[in-house]
Amino acid sequence: MNTTQKPVQTKEQKHTLSVVVSYNLNALSRIIGIFSSKGFEIDSISFGSGKESGLARITITTHGDEQIIEQITKQLHKIIDVVTVADLTYESFVERELALVKVKASNSARSEIMQITQVFRAKVIDISPGKLSIEITGNRDKIDAFIGMVRPFGIIELARTGSVALKREFNGSV
Amino acid sequence: MDNAKAHKLKKNKKKEPPEDSGPSVLNGAGILINTLQDLEVDTIFGYPGGAVLPLYDKLFDNHDINHVLVRHEQAGTHAADGYARVTGKPGVVLATSGPGGTNTVTGIATAAMDSIPLVVFTGQVPTDLIGNDAFQEADIVGITRPITKHNYLVDDVNDLEQVIRKAFHVATSGRPGPVLVDLPKDMLKTEGHYSGLRKVSIPSYSPTEKGHFSQIKKAAELLSDAEKPLIYAGGGVVLGKAWNELTAMAERHNIPVTTTLMGLGGFPEGKPQALGMLGMHGTYTANMATTECDVLLAVGARFDDRVTGNLEGFSPHSKKIHIDIDPTNIGKNVAVEVPIVGDVKQVLPEIDEKMETPNTDKWWQVLNQWQEDHPLKVPETEDTIKPQQMIEAISDATNGDAIVATDVGQHQMWTAQHYTFNHPRSFLSSGGLGTMGYGFPAAMGAAFAHPDRTVVCITGDGGFQMTPYELSTAVEHEIPLKIAIMNNQCLGMVRQWQELFYDERYSHSILKKGNPDFVKLAESYGAVGLRATTPKEMDDILQQAMEINDKPVVMDFHVEEHENCYPMVPAGAALNEMVLEDK
Ligand SMILES: Cc1ncc(C[n+]2csc(CCOP(=O)(O)OP(=O)(O)O)c2C)c(N)n1
């Protein structure tokens with residue numbers, strides 16, 4: 001009857017956690033503090049101001065085996081300001097990231113870049129001689145793919161948000 | 001031996017309701033005092049400074065709250081911790097901004113690791129100076145974030161009353177812990193509303209107290225069918241006031257009980273079911289029982305590495321049931337079959353009721369044999385004092401009825417092994433953080449809470465030297481505290497590790513050359529100092545000390561310097577690989 005001592009090692013998996021907290025910076029610091037002090041990892045985090053409602057929604061993407069994710073969820077829940085913690089991974093949810101990409105765009109390259117932009121349903125938001133700034137939203141893979149496509153032209157600057165996510169209420173297609 | 005006579009301090013007389021119990025307008029300091037009185041706070045351990053002067057001004061003519069001026073904020077925090085451990089009420093600390101606050105950090109971390117309810121008030125520079133590196137400014141909310149259960153910076157005087165009430169609620173409910181409230185000076189001076197309303201609302205906070213029905217049923221079934229059951233009781237039994245429930249269950253079903261360091265006193269050691277402490281310096285029987293049992297019921301314990309030893313070898317044959325109010329404790333270090341989140345005081349009787357008494361006759365034969373073959377040894381000598389002998393003598397002199405605080409080291413482990421603890425809330429020790437300098441101030445805090453009980457601090461010559469200045473406070477308040485220094489002229493536990501694991505290279509662990517004359521040290525503060533170097537003198541000075549009831553006594557016991565603490569599970573080894581004595 002030798003039961004498992006070490007928790008069963010399950011596969012590492014990416015998880016998206018949606019956390020509702022009462023709006024204050026102390027809460028945000030505590031959340032980040034849990035990750036650094038307990039040795040959990042944050043792949044991305046986004047914090048939306050919710051001053052009016054007094055609540056804010058934080059989306060955290062992280063990874064780990066089941067036991068680690070369970071500890072993360074429990075530890076987050078233990079923070080007094082945390083109202084709810086939802087692990088969206090096993091539910092259907094909508095998720096978006098935003099990236100702003102400034103690329104080199106010589107006269108000859110410009111139309112090709114704009115074509116790529118169109119295919120990805122991204123938007124050019126600034127044009128200046130030799131440069132284009134493009135806004136793109138979508139899931140992480142789509143943004144990675146877009147960046148991969150424009151990289152050869154020369155990326156001057158890149159800014160990416162973490163992902164923001166909400167549980168999907170309607171499971172049909174939209 | 002007589003209990004020490006109650007010493008003179010403002011007795012905790014029946015509280016008058018605060019002057020204005022209805023809604024009223026007061027300055028922040030007034031709101032704070034009113035709220036504390038309404039929360040029945042009778043004792044505060046504090047130290048003044050510029051940022052909290054408005055509050056000290058209010059304390060000048062307040063005669064209901066007993067403010068104890070300690071000599072260092074670290075000791076003040078330990079004292080409040082000791083007060084909390086013996087009463088179950090939150091300990092309250094008051095410190096000024098900057099260095100006052102940072103001095104509380106060790107005390108807060110100590111309380112956090114052991115889940116002790118504390119409310120720490122710190123002064124802060126006025127709101128408009130925060131962030132300017134003003135004189136005596138420190139971001140104490142930021143500094144203490146990882147070591148508090150929660151903390152607050154008050155930035156609106158009208159929130160002050162609710163914040164204080166929330167702080168006390170959070171500190172004492174669920175898994176208890178320290179809460180810090182930072183008070184900018186202007187918040188204490190400006191006027192705001194005091195409502196007197198006791199309702200506290202924190203929508204995001206509601207600890208689970210009731211255990212899950214089907215899990216409780218599973219636990220009861222496992223225990224009923226067990227052949228070799230064992231209860232492993234931790235500090236949660238003491239903190240959760242579940243000692244009667246635990247004792248009832250263990251007695252009715254004749255199940256053996258081993259306690260952690262923090263659980264000592266949670267199960268009376270005089271009972272036949274008691275196997276003593278488990279873990280690194282646990283008894284042979286307790287550690288073997290943990291290794292061999294088939295069902296392990298962990299109650300308010302957190303599987304600390306000092307308890308489990310090597311995780312791979314920890315209780316390898318057992319199904320585990322774990323009751324804890326803090327869900328993060330469950331499954332953190334060791335996988336369990338039956339997790340039960342809930343209040344141990346509520347859950348234990350439910351399991352007890354649903355289970356049938358397992359047949360443990362064979363199991364007890366094995367346990368009894370172990371106990372007979374490997375009892376804890378107390379070496380007896382004529383001319384020199386063995387440390388174990390010293391602890392036994394103190395246990396005898398106090399009938400096992402004293403409140404005992406320790407520091408950290410060999411003396412702490414020997415106390416855990418050889419003092420017979422029969423009462424809950426009577427053993428104070430820094431189990432989680434392992435803080436040297438904790439024992440004496442914590443004992444003092446306990447003495448303020450229980451002036452009628454004998455309070456003993458057992459400490460090392462190293463540990464005592466971290467907070468000896470509190471003799472000044474103890475003398476001022478005529479506290480008849482007994483301080484027993486196990487003087488082995490070295491940092492004993494460090495020396496033991498160096499002897500066993502570092503080829504006897506005693507790097508910076510010998511205190512002999514610089515140790516003070518502890519008798520003179522005591523006398524210089526106005527306390528009594530006594531010394532013993534033989535067992536005969538030991539008994540004599542213990543008797544003398546027990547008769548003193550108006551001042552602290554420092555007993556300097558010169559013990560054998562090279563004694564080592566056994567059994568010992570070397571770090572990284574499994575519990576059944578313990579070493580029983582010197583090779
Ligand atoms: C503040 C602090 N610093 C260092 C340690 C590490 N430490 C653990 S036990 C010990 C030796 C304690 O010596 P002493 O107080 O003389 O007690 P003994 O072991 O001799 O009983 C030390 C230094 C600690 N626990 N706390």
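These are legends for close-up views of a predicted model, going from the contact between chain A and chain B to the strands of chain A.

**View 1. Where chain A meets chain B, 19 residues of chain A are in contact with 30 residues of chain B.** Between them the two chains bury about 2,100 Å². Carbon and sulfur atoms account for 48% of that buried area. As for polar contacts, the count between chain A and chain B is 14 residue pairs, both residues at pLDDT 80 or more. On the chain A side, α1 (25-38), α2 (66-78) and β4 (82-87) each put in at least two of the residues that touch chain B. The largest share comes from α2(A), with five residues. Sort the touching residues of chain A by character and you get five nonpolar, nine polar and five charged.

**View 2. One salt bridge links chain A and chain B.** Its two partners are the side chains of K78(A) and D326(B), which meet at 2.7 Å, N to O. Helix α2 of chain A covers residues 66-78, and it is one of the elements that supply at least two residues to the side touching chain B.

**View 3. V85(A) sits in strand β4 of chain A.** Is this valine buried or exposed? V85(A) counts as buried because its relative accessibility is 15%, and the cut-off for buried is under 20%. What does V85(A) touch, once its neighbours within four places in sequence are set aside? The list is S18(A), V19(A), T73(A), L76(A) and H77(A). Strand β4(A) itself also supplies at least two residues of the side of chain A that touches chain B.

**View 4. Strand β7 of chain A (residues 131-138) pairs with β5(A) and with β6(A).** With β5(A), residues 93-104, the pairing is antiparallel and runs over eight bridges. One bridge to look for joins K104(A) to its partner K131(A) in β7(A). With β6(A), residues 123-128, the pairing is again antiparallel, this time over five bridges. Here V124(A) has I134(A) in β7(A) as its bridge partner. As a reminder for reading the side chains, in a regular strand they alternate between the two faces of the sheet.

**View 5. The hairpin of β6(A) and β7(A) has two residues between its strands.** In this hairpin, check the backbone of G130(A), which takes a positive phi near 80°. To place this view relative to View 3, G130(A) and V85(A) are 45 residues apart in sequence. In space, C-alpha to C-alpha, V85(A) and G130(A) are 46 Å apart.

Definitions and conventions
Residues numbered from 1 in each chain as written. Chains lettered and ligands numbered in written order. Predicted model: local features only at pLDDT ≥ 70, side-chain atom pairs only at ≥ 80, totals over all residues. Heavy atoms only, no water. Contact = heavy atoms within 4.5 Å. Buried area = accessible area lost by both parts, 1.4 Å probe. Salt bridge = Lys/Arg side-chain N within 4 Å of Asp/Glu carboxyl O. Polar contact = N/O pair within 3.5 Å; in protein donor to acceptor, adjacent residues only side chain to side chain. Helix = DSSP H or I, 4+ residues; strand = E, 2+ residues; numbered from the N terminus. Nonpolar A, V, L, I, M, F, W, Y, C, P; charged D, E, K, R; others polar. Pairing = 2+ DSSP bridges. Buried < 20%, exposed > 50% of the residue type's maximum accessible area, 1.4 Å probe, protein only.
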